[in-house]
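Here's a quick tour of the model below, starting with its aromatic side chains and working out to helices, loops and annotated stretches. Have the viewer open as you read.

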Amino acid sequence: MSKQETRFNEEQQKNQTEDVPKKEETYAVHKTISGSDKSKLRKNQINFGKNQMARRLEPSLNWRTTVDFKDRKAPVKDSQEEKHGGKPEKTRTSISPGRAQLHRKSVDKVEEIISESSSESEEDEELPDHRQEANTDLPSEYWQIQKLVKYLKGGNQTATVIVLCSMRDFNLAQETCQLAIRDVGGLEVLINLLDTDEVKCKIGSLKILKEISHNPQIQRNIVDLGGLPIMVNILDSPYKSLKCLAAETIANVAKFKRARQVVRQYGGITKLVSLLDCAQNSIEPAQSSLYETRDVEVARCGALALWSCSKSYSNKEAIRKAGGIPLLARLLKTSHEDMLIPVVGTLQECASEENYRAAIKAERIIENLVKNLNSENEQLQEHCAMAIYQCAEDEETRDLVRLHGGLKPLATLLNNTDNKELLAAVTGAIWKCSISKENVIKFREYKAIETLVGLLTDQPEEVLVNVVGALGECCQDHENRVIVRKCGGIQPLVNLLVGINQALLVNVTKAVGACAVEPESMVIIDRLDGVRLLWSLLKNPHPDVKASAAWALCPCIQNAKDAGEMVRSFVGGLELVVNLLKSDNKEVLSSVCAAITNIAKDQENLAVITDHGVVPLLSKLANTNNDKLRRHLAEAISRCCMWGRNRVAFGEHKAVAPLVRYLKSSDTNVHRATAQALYQLSEDPDNCITMHENAAVKLLLDMVGSPDQELQEAAAGCISNIRRLALATEKAKYN
């Protein structure tokens with residue numbers, strides 16, 4: 001037996017006994033190659049070395065689509081058996097290496113390949129199945145690897161193992177080497193080796209597949225060739241090194257929807273979750289032994305694979321049902337950063353689902369997420385902040401972040417402006433945590449408001465969306481509005497109103513609207529033409545942007561010095577607002593009704609919107625069960641009654657009877673607005689009759705005793721008008 005084979009057998013013996021593997025020895029394939037081939041290989045290497053001195057070879061080459069792996073007729077395993085049983089298969093490149101070299105200098109063109117995309121996300125785009133151009137300028141490694149694959153196909157077990165080791169001597173992270181393996185049929189061979197009983201061959205094959213599966217084309221080829229089900233089966237292997245390699249390769253391949261679906265369909269999620277179940281003392285480095293370290297590595301690789309798979313909703317549910325949350329929660333207690341990153345990454349992906357957020361609270365995961373915010377690893381900090389961002393939709397979670405001291409490290413991390421991914425995650429967490437007023441007070445203590453204002457310029461949109469969202473929540477308090485104004489935050493906020501990013505526009509309109517509550521800030525907004533920009537956003541095609549802009553206009557109109565004239569100065573502005581009452585979106589309708597309530601405070605504007613048909617459009621909305629819309633609709637009707645014969649018109653358009661039903665709502669705000677509207681409508685005798693017929697008096701009598709003074713007065717006034725009409729009718733009857 002050769003010295004190389006002896007060394008390799010010793011290494012594999014260590015792997016099978018689960019010892020910690022040493023750095024692998026590499027083996028040359030020259031001993032299994034004939035003398036003439038060996039001399040040619042050395043000559044190519046020497047020539048390539050000389051060429052490298054002359055110019056740098058780029059990894060991006062010219063490609064051509066020639067093979068579709070989905071349309072293969074013969075099963076992979078059968079084709080591999082035929083290759084080992086008969087003559088070695090010819091390489092699939094359409095021209096020999098020698099002939100290709102003759103044409104290298106004459107070809108400079110690059111073909112454009114356009115691919116179709118799937119519906120899930122950008123990462124799921126179907127990439128073209130690239131093939132090397134026959135006459136392209138290729139480095140010598142390409143041909144060397146193809147020659148090795150030929151020996152891999154036709155060699156015995158020993159030769160196969162040595163060839164696998166020799167292939168790993170190449171830079172498999174380079175696209176040229178990756179596609180060289182694929183182009184000559186090496187993927188089929190490597191995948192078939194996984195289905196053998198030889199542990200050495202499986203390990204060697206998986207190590208190569210793990211390296212080359214970072215390539216999106218290779219990922220799809222592995223799925224097309226049926227590689228994932230075989231890797232899922234390897235997860236049951238008694239050899240931990242095989243489990244690790246299989247899980248890591250699955251993590252690389254499961255980057256697109258179809259791959260994640262295959263993993264789930266073949267029971268891979270349950271098996272990957274079981275890999276997380278390492279012994280409790282294995283995650284403590286002080287007590288770790290050789291075997292415990294390998295247990296930690298198995299769990300880490302399982303978490304990596306689950307992280308990739310968790311981008312699918314069905315897989316998230318499968319992880320939860322397989323008991324993954326308690327295991328992930330336990331692994332969060334480790335101090336191994338390379339373990340924590342995939343664990344937190346998986347939790348971050350899954351926390352977008354409400355079921356997970358409830359389970360995360362139950363498992364006390366927030367405490368450990370907050371603790372790891374103080375880590376020095378920026379990637380870990382980023383994923384912890386993103387997980388908090390996902391979970392902080394829930395009020396209880398926001399309180400837990402504050403109670404465990406998570407707000408201060410978040411405010412501190414705002415100063416790390418170089419790492420944009422980390423900054424986006426941190427600002428997102430601050431945004432969601434700012435929904436709670438108690439947290440806003442803490443952020444003000446930590447000077448986070450000033451820092452956020454400083455981030456309003458020269459930042460990517462994903463950061464700006466979160467920064468503006470956080471300021472929108474913080475500016476609900478007077479003290480913070482003053483801070484934003486004094487720090488010069490109004491102008492950059494108004495400048496952002498001209499963007500096209502939907503999420504950013506929704507947040508910036510809310511922030512500008514919150515600032516407009518303060519008269520001093522409103523002066524600045526008006527001077528910067530901010531109100532006109534808000535009004536123009538009512539034409540935006542996105543309903544959320546329309547609604548947010550309409551809400552922001554309300555405080556602007558309330559606090560402007562000459563609001564009536566300002567509103568009339570926008571050509572076609574009032575007609576635009578009235579036409580928005582034809583929308584089907586409840587939030588848009590509610591916000592527009594609120595805007596109309598403020599617009600109608602000016603008599604001239606009220607006359608204009610009446611001419612534009614505001615009364616029939618408001619009346620048409622009366623039959624709604626949405627309490628938010630009911631409230632603002634009733635307020636708008638109440639205000640519009642103060643012009644001409646609008647009271648009579650509302651009665652003619654059947655708006656009175658539905659309003660009476662609003663009094664049965666459980667929302668006090670709806671009661672107050674409705675009572676005020678009925679009071680205005682009761683000035684018309686016909687409306688009083690309609691109210692009496694719909695039993696409004698009994699409902700209004702109950703509200704006369706309300707602690708809300710405005711509700712008391714409106715209810716009493718309405719009853720008074722109805723009673724006076726009844727007395728007048730009775731008097732006329734007997735006279």
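## A tryptophan to start from

Trp 431 counts as buried, at 13% relative accessibility. Buried here means under 20% relative accessible area, exposed means over 50%, and partly exposed is what falls in between, using a 1.4 Å probe and protein chains only. This is a predicted model, with local features needing pLDDT of at least 70 and side-chain atom pairs counted only at pLDDT 80 or more, while totals for chains, interfaces and linings use all residues. Residues are numbered from 1 along each chain as its sequence is written, and side-chain values use heavy atoms, with hydrogens and water left out.

Trp 431 also has a charge on top of its ring: the charged end of Lys 432 sits over it, 4.1 Å from the ring centre. To qualify, NZ of Lys or CZ of Arg has to be within 6 Å of the ring centre and within 35 degrees of the ring normal. Elsewhere, the charged end of Arg 220 sits over the ring of Phe 256, at 4.2 Å from the centre.

## Aromatic pairs

How many aromatic pairs does the structure hold? There are 2, where a pair means Phe, Tyr or Trp rings (the six-membered one for Trp) with centres within 6.5 Å, called stacked with planes under 30 degrees apart, edge-to-face over 60 and tilted otherwise. Tyr 389 and Trp 431 have ring centres 6.4 Å apart and planes at 40°, so that pair is tilted. The pair bridges distant parts of the chain, 42 residues apart: Tyr 389 belongs to helix α21 (residues 378-391) and Trp 431 to helix α24 (residues 420-433). Tyr 389 is partly exposed, with 22% relative accessible area.

Trp 535 and Phe 570 make a tilted pair too, 5.1 Å from centre to centre with 40° between the planes. Trp 535 is in helix α32 (residues 530-536) and Phe 570 is in the loop between α34 (563-568) and α35 (573-579), so this pair ties together parts 35 residues apart in sequence. Both Trp 535 and Phe 570 are buried.

## The overall fold

The protein has 45 helices and 0 strands; these are DSSP runs numbered from the N terminus, H or I of at least four residues for helices and E of at least two for strands. Of its 735 residues, 54% count as buried. Among contacts (heavy atoms within 4.5 Å) with a separation of 6 or more, 74% come from residues 24 or more positions apart.

## Covered spots

Helix α17 (residues 324-331) is mostly covered, with 7 of its 8 residues buried. Arg 330 is among the buried ones, as are Gly 324 and Leu 331.

Asn 605, in helix α37 (residues 603-611), counts as buried at 1% relative accessibility. Leaving out residues up to four places away in sequence, Asn 605 touches Gly 564, Val 567, Arg 568, Leu 574 and Ile 599.

## Annotated stretches and a helix crossing

An unreviewed UniProt entry annotates residues 359-386 as "coiled-coil region"; such annotations may be inferred rather than shown by experiment, with feature names shortened and positions in the numbering used here. In the model, that span is 75% helix and 0% strand, and its end C-alpha atoms lie 17 Å apart. Helix α20 (residues 365-372) packs against α21 at an angle of about 140°, with the axes 9 Å apart. Axes are lines fitted to C-alpha atoms, for helices over the stretch in contact, and angles run from 0 to 180 degrees between N-to-C directions. On the α20 side, Ile 366, Leu 369, Val 370 and Asn 372 meet α21 residues including Leu 380, Cys 384 and Ile 388.

UniProt (unreviewed entry) also places "repeat: ARM" at residues 226-268, 572-614 and 654-687. Residues 654-687 are 71% helix and 0% strand, with end C-alpha atoms 10 Å apart.

## Loops worth a look

Most residues other than glycine have a negative phi. Lys 447 isn't a glycine, yet has a positive phi of about 60°. Lys 447 is in the loop between α25 (437-445) and α26 (448-454), and counts as exposed at 53% relative accessibility. Asp 458, in the loop between α26 and α27 (461-474), likewise has a positive phi of about 60° without being a glycine. Asp 458 is exposed, with a relative accessible area of 74%.

Asn 625 is in the loop between α38 (614-620) and α39 (627-640) and counts as exposed at 70% relative accessibility. The C-alpha atoms of Asn 625 and Tyr 662 are separated by 8.5 Å, with their positions 37 residues apart along the chain.
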